Amino acid sequence: MTAPVRVRFAPSPTGFLHVGGARTALFNWLWARHTGGEFVLRIEDTDLERSTKEMTTAILEGLEWMGIDWDDGPHFQSRSRDNHRAAALALLEAKAAYPCFCTVEELAAERKAAITRKESYVYSGKCRTIAPDRAAERRDKSELHTIRFRVPFGETVWIDAVHGPTRFDNRTIGDFIVLRSDGAPVYNLAVTVDDRDMRITDVIRGDDHISNTPKQILLYQAMGAPVPRFAHVPLILGPDKRKLSKRHGALGVSAYQEQGYLPQAFTNFLALLGWSPGDDREMMSRAELVEAFSLERITGKSAVFDVQKLEWLNGQHLSTMSGLAVADLVRPRFIDAGIATEKELAERTIWFTEVMTLVKTRSRTLEDLVVQGRPFFAGAIEYQPDAVKKFWKDPRVARELLSVAANYVDGEAAFDDLEGMEARLRALCEQRDVSAGKLMQALRVALTGTRVSPGIFETMAAMGKSLVVERIEAAREHLGREIEVA
RNA sequence: GGCCCCAUCGUCUAGUGGCCUAGGACGUAGCCCUCUCAAGGCUAAAACACGGGUUCGACUCCCGUUGGGGCCA
């Protein structure tokens with residue numbers, strides 16, 4: 001029986017929750033839920049200058065939106081600084097670390113020399129050999145010093161859950177600082193101490209931390225703490241194949257939320273970036289993801305973020321949702337867009353749900369829903385140039401068609417009998433010797449201003465007779481003016 | 001520059017020595033459906049970076065080259 005899994009997500013609140021972080025969080029969460037383990041949230045706010053309360057809030061909100069919940073935390077790393085210092089001192093006590101009195105100038109000189117020799121810089125270890133009593137003496141005199149970790153000879157190896165056996169020659173690491181001269185603990189120390197204290201069993205994080213790992217393993221070993229399992233997840237790349245960054249545009253999770261992506265689609269998409277269930281499944285529910293997830297199936301190759309696939313997946317998830325669920329989700333967007341008031345929508349819940357049902361198969365995001373739903377509400381519409389060009393090519397013909405349409409609508413009593421409506425319209429067209437198809441298309445522009453809408457009879461039924469009449473009249477007037485100008 | 005990671009269609013991936021004339025998905029193109037656009041159905045084009053080994057046999061294992069990326073400086 002192995003110890004229950006405890007994972008953590010440890011963002012630093014110096015920026016919003018970006019896509020890479022979101023996926024790291026997701027993988028941790030999926031692993032915790034898959035194994036029945038626990039997910040700890042730790043905010044690494046030790047960079048006081050750049051960390052803000054707003055960013056912390058934004059990160060928590062992003063996680064919540066994605067449906068990622070935590071069992072422990074949020075803990076704030078800045079609150080355990082004393083702990084980190086104590087750990088550094090304990091290391092010193094155990095002779096696993098030593099005080100280093102080298103000045104900035106001396107270190108700069110060492111570095112410079114290394115560069116001229118075309119070697120990578122590692123600390124020479126000059127202060128390693130200072131006799132302990134002599135070092136204590138100098139410390140007592142408050143001579144400025146850092147605490148350095150004594151890196152042993154040999155190599156540091158671990159079995160990465162993603163990359164397999166990974167090894168580093170300790171000579172390339174060099175005695176690194178764990179406590180700065182101002183008493184501030186260094187990143188690798190803080191992380192290791194926190195992970196130890198939080199009893200983290202599995203560290204799932206980005207590939208960019210691989211080079212920190214040997215240092216952290218060395219620290220665990222020196223502290224006599226169990227070394228967790230590591231899984232280094234490949235990075236997410238932008239379309240230019242470079243590490244995803246602000247350059248690539250909207251990257252905060254909140255941006256995707258605003259654009260109208262569904263959290264279940266977004267997480268589904270993110271899960272498929274660097275991981276696959278091993279079969280041909282693409283669209284997966286939250287539960288399926290949890291069920292199928294495993295560290296072993298994470299690929300070692302970094303993946304390009306493909307918005308088009310996200311859009312498609314979002315459309316898929318949208319189409320599986322009921323009209324009612326969709327209506328509930330988009331309602332605020334209609335209100336924010338000033339299309340309808342909350343009260344109006346509340347009074348027409350059933351109708352609104354019907355409209356959303358009509359429109360959702362041809363929408364990929366919630367924003368699409370707003371755009372396509374808008375014409376169903378009273379008020380003026382704009383005639384889109386591309387629609388006019390395609391279906392109102394000749395204004396005279398278009399007006400002619402619309403007069404037939406007006407005639408038809410005038411005589412049409414049953415606005416809910418779709419098949420009957422179509423039969424009667426076709427019969428009328430036959431009688432007047434006009435193309436039913438052309439008429440419907442011209443009518444579509446009159447009713448919605450666009451060349452895209454649900455079936456014309458569904459559209460009319462949903463709009464209601466009076467709005468349909470009004471729109472046709474407006475269109476005929478508009479076309480009349482066009483003809484005069486020409 | 002040093003260290004490290006990675007390498008299958010444009011993109012996400014399946015593939016763990018013979019099942020591969022390399023499968024799926026997004027995207028692209030075409031067809032069907034059709035009042036438009038989607039959705040849906042069908043079809044097509046599209047990849048194992050290169051060179052050496054190992055092996056009866058390599059997309060799969062090893063080495064090198066090249067390329068991409070990351071971290072540190």
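**Exercise 1. State what share of chain A is buried, and describe its overall form.**

Solution. Buried residues (20 or more other C-beta atoms within 10 Å of their own, against 12 or fewer for exposed and in between for partly exposed, with C-beta atoms placed from the backbone) make up 36% of the 486 residues in chain A. The model is predicted: local features need pLDDT of at least 70 and side-chain atom pairs count only at pLDDT 80 or more, while totals for chains, interfaces and linings use all residues. Residues are numbered from 1 along each chain as its sequence is written, and chains are lettered from A and ligands numbered from 1 in the order in which they are written.

Next, count the elements. Chain A has 21 helices and twelve strands, which are DSSP runs numbered from the N terminus (helices H or I, at least four residues; strands E, at least two). The radius of gyration of chain A is 32 Å, well over the 23 Å of the globule rule for 486 residues, so chain A is more spread out than a compact globule. This radius is taken over C-alpha atoms, and the rule is 2.2 Å times the number of residues to the power 0.38. The C-alpha atoms fill a box of roughly 110 × 55 × 40 Å along the principal axes.

**Exercise 2. Identify the residues with the most contacts inside the largest nonpolar core, and the helix that gives the most to this core.**

Solution. A nonpolar core is a set of buried Ala, Val, Leu, Ile, Met, Phe, Trp, Tyr and Cys residues joined through C-beta atoms within 7 Å. The largest has 94 residues, and L26, W31, L402, A442 and L443 have the most contacts inside it. Helix α1 (residues 19-35) gives the most, with nine residues.

Now consider one member. Apart from neighbours within four places in sequence, L26 is in contact (C-beta atoms, placed from the backbone, within 7 Å) with M66, I68, T267, L270 and A271. A second, separate core of 20 residues includes L91, A97, V178 and A190.

**Exercise 3. Determine how strand β5 is paired with β4 and β8.**

Solution. Two strands pair if DSSP finds at least two bridges between them. First, strand β4 (residues 97-100) runs antiparallel to β5, joined by four bridges; C100 stands opposite T146 in β5. Second, β5 and strand β8 (residues 177-179) pair in the antiparallel sense over two bridges, with I147 opposite L179 in β8. Finally, T146 and R148 point one way from β5 (residues 146-149) and I147 and F149 the other way, and all are buried.

**Exercise 4. Describe the surface near RNA strand B.**

Solution. A residue is near the strand if its C-beta atom, placed from the backbone, lies within 6 Å of it. Of the 49 residues around RNA strand B, S120, G300, A303, V304 and G455 come nearest. The largest share, five residues, comes from α11. The surface divides into 15 nonpolar, 19 polar and 15 charged residues. Here Ala, Val, Leu, Ile, Met, Phe, Trp, Tyr, Cys and Pro count as nonpolar, Asp, Glu, Lys and Arg as charged, and the others, Gly among them, as polar.

**Exercise 5. Decide whether R199 and D433 are exposed or partly exposed.**

Solution. R199, in the loop between α6 (187-197) and β9 (202-206), has 15 other C-beta atoms within 10 Å and is therefore partly exposed. D433, in the loop between α18 (418-432) and α19, has 7 other C-beta atoms within 10 Å, so D433 is exposed.

Note on methods. Contact = placed C-beta atoms within 7 Å.
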